[in-house]
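Me: Can you walk me through this one? I'd like to ask about bits of it as we go.

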Amino acid sequence: MANLMNSPAYEAARKKAEAMLATMTLTEKTGQLSQFGTSIYSDDEQTFDDHFAEGKVGSYLTIKGAARTNSIQRALMKATRLPIPALFADDVIHGYRTTFPTPLAQSCTWNPEMTRLCNEAAAKEAYRAGLKWTFSPMVDIARDPRWGRIMEGYGEDTYLCSRFSEAAVRGYQGDGETIGKDHVYACMKHYIAYGACIGGRDYNTADLSLQTLYDVYLPPFQAGIDAGAATVMSAFEDVNGVPATGNRYLLTDVLRDQLGFKGFVVSDAGAVTELVPHGFAEDIKEAVRLAFGAGCDMIMAGDPYNEYLPALIEEGRITMEQVDRSVLAVLTLKYLCGLMDEPLVDESGEDCFFSDAHMDIARRAGREAAVLLENNGILPLTPAAMAGKKIALVGPLAGEEGKGHLLGGWACLCDPAHTVSIEEGMRKAFGDTCDILTLRGCGVTCGNSEEEKAAEREQVRQASEAAADYDVIVAVVGEEAGMSGEANSRSDLTLTGCQGQLLEALIATGKPVVLLVSAGRPLILTPYKDRVAALMLIWQMGSEAGDAVADLLTGVVSPSGHLTTSQPVCTGQVPIYYNHANTGRPALGRWPFEAKYRDCQIAPLYPFGYGLSYTSFAYEDIRLSATEMPQDGEITVTLTVRNVGNHDGAAVVQLYIRDLVGSTVRPVKELKGFEKVFLQAGESRELTLSLPASSLAFHDPGMNLIVEPGKFKLWVGEDCTDERFAFDFEVI
Ligand code: GLC
């Protein structure tokens, strides 16, 4: 597949890199494999100038702004013997200055093109700030919302995550076979199965079969590599007993030899030296040998490679060829992106930050990310319908105080002041057509002292008392930005602080409550599901959150988001995901001895793929091109989707299959295709979804990738439980 990494430009850059490599000292070589700078773990802003003369610095992370990167680059280029600039990187996960919805929110758009647009804009801002590389996209499959980093990925499904992975890479790097200005290298992370951490506890062990590793966790990386991803980041956790960062099988045999990855691997922050506490390396020198020997080309961050690789070469435990191969991979990318010719960035370029174009993308992405879960007809609250009425906007995330949290975690160099709050968006949308009262109601969290709790309860009482006089209550609760993301696993997914009490008090007023939930992950909403007039997940939408939410609430656009993670009934249900095995005793309620809980249903509160609209869609004239296909064949599914409501909207047509019998048990459902289509009221469109037999492949017990003949079910529907349109087909 032609892409940046197998292009003529790549080969030309590689030749230049080979010539440069031949002139380098060993110290200069290990320097290219060493990244410095701060990470989220410290505010240490050292630039290690004392390393420059010997050429010991190859890359920096989290240095902010064009002026600062240029200043460091000038000093480095002046002091080093060879003209090799540093590669500047940062965690541009969902925006650099302009903040876009979190990746999990973006995945709920079911519109990979929107993610490509978000990342393209993010890349432009990052590039203009002196960066050439971002530690994104995170393509970890996540089935456990206790894991805080579920907010950084694209949900629980392999097929959908793979589509977003390729779109994310193309957004950052561009589409072609070169990488020009205003684009940055992507870094797919965290290789691999970081999201499979037991207990949803960050950094914890992942222990899974090779079949699951290959069939569930690997494809999004393959998709990104096929799209030309230039780098990969090795993960922290131990995978089947071997830490990912010291795992030669995964980093070399699989990633390079099987998946064909040609770029370079950077460790996660500290993951090399953490091989010691893992009990996998006796000391840091051994950790360097194991990580570098496994295929971890660059260390994030600091001197261990500079310090120990020369000795390991001297002792014959690492070869110069290994070092040269890694240095070549790094240097090639430095030539390929033009850094070697233009080490400095034009500082006037930062005027693109928060541009109208970027804010418009953020607003559009936010509109498409929201997932409407309940609506008794109260939404949309059109200004016309609300004229003369009164809205009480209540909750810790509704007003000025909450807007920084609407940006979500990993928001890079975000600016809460440059964020539209829900209140601001609502006031702009309604103008003076109706009276809007904004009340905090309570905090997202609450202190532990009796005084603090009493004060929160009093605030709840006052807010609900005031809200009782209003016609409609819009409640905004959820998580603070810092409650998800790295090192933010939660053992309890219910609403924190007095938010639950606030909702109970607001519901008790008897006035209709429109519940908006802003969080980095799925939360437990079971107590409110049937008691509010409407329920919408607004996730953490970023800089334009308030405008996007107002557009949705007032009906400027209809919600079109669909879930990409199963929403649990209670925390005890997790990990929970739709594409599970059937087991020999599926919970059908036929007898007590079934795969179920005594105290909870096994179905989620809301299933994967679910999402409501202000309109409705009819699926008509659905037909398969065939009911049989050979193991190398393809079936197409054609249908007409019609907007049969009176509001413009977007349908997300989903194609699921089930392999009824396999040489390993197959999931009860698997997403194998989807298409989002915007239709005006009354409009219809014919769609064709392709189902190649190759998409049915899986690894058998002998780890052979096979497409097995046999009978299959196929559904076309609006979520993974929609079985209105079922078909049979066979692979022969
Ligand atoms: C963190 C994260 C990783 C990030 C890196 C640099 O520990 O695990 O995703 O890119 O450090 O900040």
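Reply: Sure, one convention to start: helices (H or I, at least four residues) and strands (E, at least two) are DSSP runs, numbered from the N terminus. The model is predicted, so to speak plainly about cut-offs: local features need pLDDT of at least 70, side-chain atom pairs count only at pLDDT 80 or more, and totals for chains, interfaces and linings use all residues. Residues are numbered from 1 along each chain as its sequence is written, and side-chain values use heavy atoms, with hydrogens and water left out.

Me: OK, where is T688 found?

Reply: T688 is in strand β22, residues 684-692.

Me: Buried or exposed?

Reply: In between: T688 is partly exposed, at 45% relative accessible area. The scale is buried under 20%, exposed over 50%, partly exposed in between, with a 1.4 Å probe and protein chains only.

Me: And what does T688 touch?

Reply: Leaving out residues up to four places away in sequence, T688 touches T636, V637, T638 and E675. Contact here means heavy atoms within 4.5 Å. With T638 there is also a side-chain to side-chain polar contact at 3.2 Å. That term covers N or O atom pairs within 3.5 Å; within protein, one must be able to donate a hydrogen and the other to accept it, and residues adjacent in sequence count only if both atoms are side-chain atoms.

Me: What separates the C-alpha atoms of T688 and T47?

Reply: 54 Å, with the two residues 641 apart along the chain.

Me: Switching to the ligand. Which residues are closest?

Reply: Y41, D91, R149, H190 and D268 are the closest of the 14 residues that surround the ligand. Being near counts as having a heavy atom within 4 Å.

Me: Which polar side-chain atoms lie by a ligand oxygen?

Reply: Among them, R149 puts a polar side-chain atom 2.7 Å from an oxygen atom of the ligand. For K189 the distance to a ligand oxygen is 2.8 Å, and for D268 it is 2.6 Å. On its own the ligand exposes 310 Å², and the protein buries 100% of that. Those areas come from the Shrake-Rupley method with a 1.4 Å probe; for residues, only the protein chains shown count as cover.

Me: Salt bridges next. How many are there?

Reply: The count comes to 52, where a salt bridge is a side-chain nitrogen of Lys or Arg within 4 Å of a carboxyl oxygen of Asp or Glu. One of them joins E315 and K285, with N to O at 2.4 Å. E315 sits in the loop between α11 (304-314) and α12 (320-336) and K285 in helix α10 (residues 284-294), so this pair ties together parts that are 30 residues apart in sequence.

Me: How accessible are E315 and K285?

Reply: Both count as partly exposed, E315 at 39% and K285 at 22%.

Me: What about E479, which partner does it have?

Reply: E479 bridges to R521, the closest N and O atoms being 2.7 Å apart. This pair links distant parts of the chain, 42 residues apart: E479 in the loop between β14 (472-478) and α17 (499-508), R521 in the loop between β15 (513-518) and β16 (534-537). E479 is buried at 0%, and R521 is buried at 1%. As for networks, bridges that share partners join K285, E286, R289, E315 and R317 into one.

Me: Last topic, the five-stranded sheet. What's the strand order?

Reply: β4-β3-β2-β1-β10, an open sheet with parallel pairing. Its edge strands are β4 (133-134) and β10 (299-300), each pairing on one side only. Pairing needs at least two bridges found by DSSP between the strands. β3 (residues 87-90) has two bridges to β4, with A89 opposite W133. β1 has two bridges to β10, with S34 opposite I299. Between β1 and β2 (residues 59-61) there are three bridges, and L61 is the bridge partner of G37.

Me: Which way do the β1 residues point?

Reply: S34 and F36 point one way and Q35 and G37 the other, and all are buried. In a regular strand the side chains alternate between the two faces of the sheet.
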